[in-house]
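Hi,

Here is the structure I promised to pass on. Have a look, and my notes on what turned up follow below.

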Amino acid sequence: MISQASRVLTRLGRNNELKRALTNSLNNCNKSSPSIIRSFSSKKQELEEKDKFEYTNNLEVQELKHYIPCYTIMNQEGVVSKPEQDPNFTKEEVIKMYTTMLTLNVMDSILYDVQRQGRISFYMTSFGEEAIHIGSAAALEMSDTIFAQYRETGVFMWRGFTINDIINQCCTNEHDLGKGRQMPMHFGSRKINLQTISSPLTTQLPQAVGSSYAQKLAGENNCTIVYFGEGAASEGDFHAAMNFAAALSTPTIFFCRNNKWAISTPSKEQYKGDGIAGRGPNGYGMKTIRVDGNDIWAVYNVTKLARKIAVEEQRPVLIEAMTYRVGHHSTSDDSSRYRTVEEINAWKEGKNPISRLRNYMNHKGWWSDAQEKETIASARTSVRESLVNAEKQYKPSINEIFTDVYDKPTPALIEQQKELIEHLKLYPDEYPLNQFADSKLILKD
Amino acid sequence: MLRGNIKKVNSLLVRSFHSSVPNKSSGPSSPIIYPSLDIENAGEKQKMNLFQAINNGMDIAMQKDSKAVIFGEDVGFGGVFRCTVGLRDKYGASRVFNTPLCEQGIAGFAIGLAAQGATPIAEIQFADYIFPAFDQIVNEAAKYRYRSGGQFNCGSLTIRSPYGAVGHGGHYHSQSPESYFGQTPGLKVVIPSTPIEAKGLLLASIREKDPVIFFEPKLMYRSAVEEVPIGDYEIPLGKARIVKEGKDITIIGWGAQMRVLLQAVNMAEEKLGISCELIDLRTIQPWDVETVVESVKKTGRVIISHEAPKTGGWAAEISATIQERCFLHLEAPIQRVCGYDTPFPLIFEKFYVPDHLKNFESIKKTIVY
């Protein structure tokens with residue numbers, strides 16, 4: 001009876017008054033005779049649901065037998081093995097994809113060094129994962145919501161987050177949309193539909209499921225994609241998210257970047273079994289694809305298909321993109337302490353996603369050495385100019401310490417803000433006030 | 001009498017010490033000579049920074065207790081702060097190992113080890129990331145003995161984690177979550193402030209019969225250097241250290257804040273001609289009420305300072321206890337100099353932290369009250 005009533009409720013949709021009345025009577029019903037209802041409904045479920053497994057008199061311990069294959073269509077020479085699966089982007093589109101990858105690569109090199117010089121406080125490169133970023137981003141719509149981990153800069157660039165946006169955030173100046181409060185690489189932008197990144201790992205996964213459920217409720221033809229690493233998939237939040245998404249059938253794309261290293265911990269110490277993808281079909285009943293993360297066309301096709309499933313079938317999809325973290329974890333890390341240069345070079349040279357796409361373009365006669373040089377030079381100029389400009393900007397106003405904690409500041413915060421300003425008036429020379437916007441004005445009041 | 005004198009001093013000096021060399025507020029600008037704790041019969045000493053002293057303490061624990069194990073994220077290669085360097089080579093990968101990336105797993109796994117008689121020394125990479133383990137620590141570790149009627153316990157458990165401001169950590173590499181754990185009956189919470197004390201307190205924590213959360217001031221891993229005894233020694237938990245004796249005001253802190261407070265104390269003694277008593281609580285729970293009360297009864301004035309936000313921070317607890325026990329001895333309201341009630345803001349760190357100047361101003365205010 002309860003389930004029938006619930007179904008009626010769902011169908012009622014917008015008829016709020018009726019809905020409220022029914023909900024009330026349902027609640028009362030629940031309160032008055034919980035035990036009867038419970039036994040009634042479970043009995044009914046037993047009748048409805050049939051076991052999907054077979055019974056056997058053969059005592060057999062089950063072990064992993066079949067590994068999920070890794071979908072790849074373009075080899076390192078840039079040759080697409082099944083031409084009908086080449087997404088066949090136009091020359092202009094491919095050039096845009098390639099130059100975005102190259103620009104990301106150039107920017108990473110410069111900003112990594114810039115952090116070493118102490119000009120920014122932190123940085124994380126995306127070396128080796130450029131095809132994942134651009135390939136997946138190109139398959140999404142701007143109305144799809146993104147939850148990211150922190151190594152997805154190319155995704156944001158593809159969606160229109162500019163070098164200036166990135167560098168302003170890294171320089172924590174007053175043009176940083178996050179008001180200088182978070183470490184570099186913690187981007188967030190309404191414009192590109194990217195929810196703000198936080199450092200704690202995997203917290204974004206259940207959030208993405210909630211986000212996609214809201215999209216489903218609103219009847220949108222969109223999905224939410226959530227990026228994470230294979231290390232992050234060890235957190236409890238991974239299980240929570242996968243199970244919620246499957247159970248509630250949400251339009252979520254779980255995009256795992258398996259780059260083989262979680263800081264110093266190799267994936268072989270992170271999990272056993274068939275990687276992250278292996279958990280999808282049997283573990284959660286979730287549609288799952290494993291893909292060569294260094295093959296931009298494979299990543300594109302897979303994400304495109306995942307999006308179609310998520311939006312049209314209103315159910316989640318798990319993607320595991322196999323790649324390699326060519327750079328250090330971050331500027332706080334020195335990976336030579338725990339892995340060999342040979343291992344890095346095997347990926348950096350042997351499976352480089354950027355040169356793979358370049359080889360593809362070469363076959364088409366779409367790219368020349370001169371264009372390569374020019375693109376690199378122009379990217380360098382853009383990054384350097386942006387950096388010089390960003391460094392000249394004021395840091396955000398010190399009043400921003402106290403805003404956005406709550407919708408409106410609490411009395412305690414207002415008092416603390418006053419205390420700080422009074423203190424700064426006593427010691428104006430002891431604090432770097434001249435670097436912060438509006439300091440003179442604030443101290444004058 | 002004292003109050004009158006101070007007021008006079010204050011009116012003479014009030015403008016002259018407000019401005020000096022620019023931008024010193026981020027911390028000690030000139031090297032603060034922080035007094036080293038003397039360990040009795042310590043024997044041979046060696047120069048060590050904080051991470052080396054912690055490493056040395058764990059080395060001794062592993063050597064003397066064959067059931068001791070060290071684990072956490074990235075501890076195998078030495079840990080992101082180098083605290084476990086060399087230990088895997090020395091004690092083998094079955095006793096020093098990486099876990100999958102899962103803090104609740106680390107804590108739960110550690111509890112199980114302890115309940116089964118082993119000595120787990122678990123690392124949570126940053127205190128900011130301890131929260132997925134909150135359930136295991138607060139609901140499980142803390143109540144393990146009590147809920148079993150004393151049949152079982154996980155007292156051999158120690159969870160180490162770097163905490164606090166570091167200059168560029170922002171929201172998620174700077175927090176000081178000690179009061180969340182301090183409020184949980186069944187847990188002990190320890191925060192060392194020097195290499196010598198870190199080693200002695202860590203060894204005591206590992207051997208303690210209750211689960212201990214051991215927060216290490218990451219700002220000081222490399223910067224704090226002392227002549228550390230290389231032998232085995234313990235510093236008892238629950239005992240504060242009077243870093244410097246004084247008679248006019250009591251200043252209480254712990255961890256990295258101790259150096260900031262010493263700087264404020266030096267400044268106050270020089271500029272105001274007063275004498276400050278500086279106390280390092282060292283153990284947050286159970287904290288040394290006796291030492292604090294005795295000091296406050298002597299001085300009649302007290303400031304408590306920590307990096308964590310002011311509201312609901314551990315200073316509030318100390319303040320309430322002092323008020324209960326020393327009410328008639330107090331000459332001025334108890335002051336708390338703490339972080340603001342906001343998340344830890346990256347670019348505003350210099351403004352956010354309770355630096356020596358804010359503490360100095362608070363001392364002045366308390367003295368002239």
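**Sheets, helices and the interface**

In chain B, helix α11 (residues 314-326) lies across β10, β13 and β14, running at about 155 degrees to β13(B). A few conventions for that: helices (H or I, at least four residues) and strands (E, at least two) are DSSP runs, numbered from the N terminus. Contact means heavy atoms within 4.5 Å. Axes are lines fitted to C-alpha atoms, for helices over the stretch in contact, and angles run from 0 to 180 degrees between N-to-C directions.

Before going on, the small print: this is a predicted model, where local features need pLDDT of at least 70 and side-chain atom pairs count only at pLDDT 80 or more, while totals for chains, interfaces and linings use all residues. Residues are numbered from 1 along each chain as its sequence is written, chains are lettered from A and ligands numbered from 1 in the order in which they are written, and side-chain values use heavy atoms, with hydrogens and water left out.

Back to the sheet under α11(B). This open sheet has five strands in the order β9-β11-β10-β13-β14 (chain B), with mixed pairing; two strands pair if DSSP finds at least two bridges between them. At its edges sit β9 (241-244) and β14 (335-339) of chain B, each pairing on one side only. On average, neighbouring strands here are turned by 25 degrees against each other, direction ignored. Strand β13 (residues 302-309) of chain B pairs with β14(B) in the parallel sense over five bridges, and B:P309 has B:G339 as its bridge partner in β14(B). Another helix, α9 (residues 257-272) of chain B, lies across β9, β10 (249-253), β11 (276-280) and β13 of chain B, at about 175 degrees to β11(B).

Chain B also has an open sheet of seven strands, ordered β3-β2-β4-β5-β7-β6-β12, and its pairing is mixed. The edge strands there are β3 (96-98) and β12 of chain B. Its neighbouring strands are turned by 20 degrees against each other on average, direction ignored. Strands β6 (residues 188-190) and β7 (residues 212-217) of chain B pair in the parallel sense over three bridges; B:V190 has B:F214 as its bridge partner in β7(B). Helix α8 (residues 195-207) of chain B packs on this sheet, touching β4 (119-123), β5 (158-163), β6 and β7 of chain B, and its direction makes about 160 degrees with that of β7(B).

Two backbone spots to check:
- B:Q285 and B:P286 are joined by a cis peptide bond, with omega about -5 degrees; B:P286 is in the loop between β12 (283-285) and α10 (289-299) of chain B.
- A:I263 is not a glycine, yet has a positive phi of about 45 degrees; this residue lies in the loop between β5 (261-262) and β6 (265-266) of chain A.

Now the interface. In all, 47 residues of chain A are in contact with 48 residues of chain B. The area buried between the two chains is about 4,100 Å², with carbon and sulfur atoms giving 61%; buried area is the accessible area (1.4 Å probe) that two parts lose on being put together, summed over both. The elements giving two or more residues to chain A's side are α10 (267-270) and α16 (411-426) of chain A. The largest share of that side, seven residues, comes from α16(A).

Cheers
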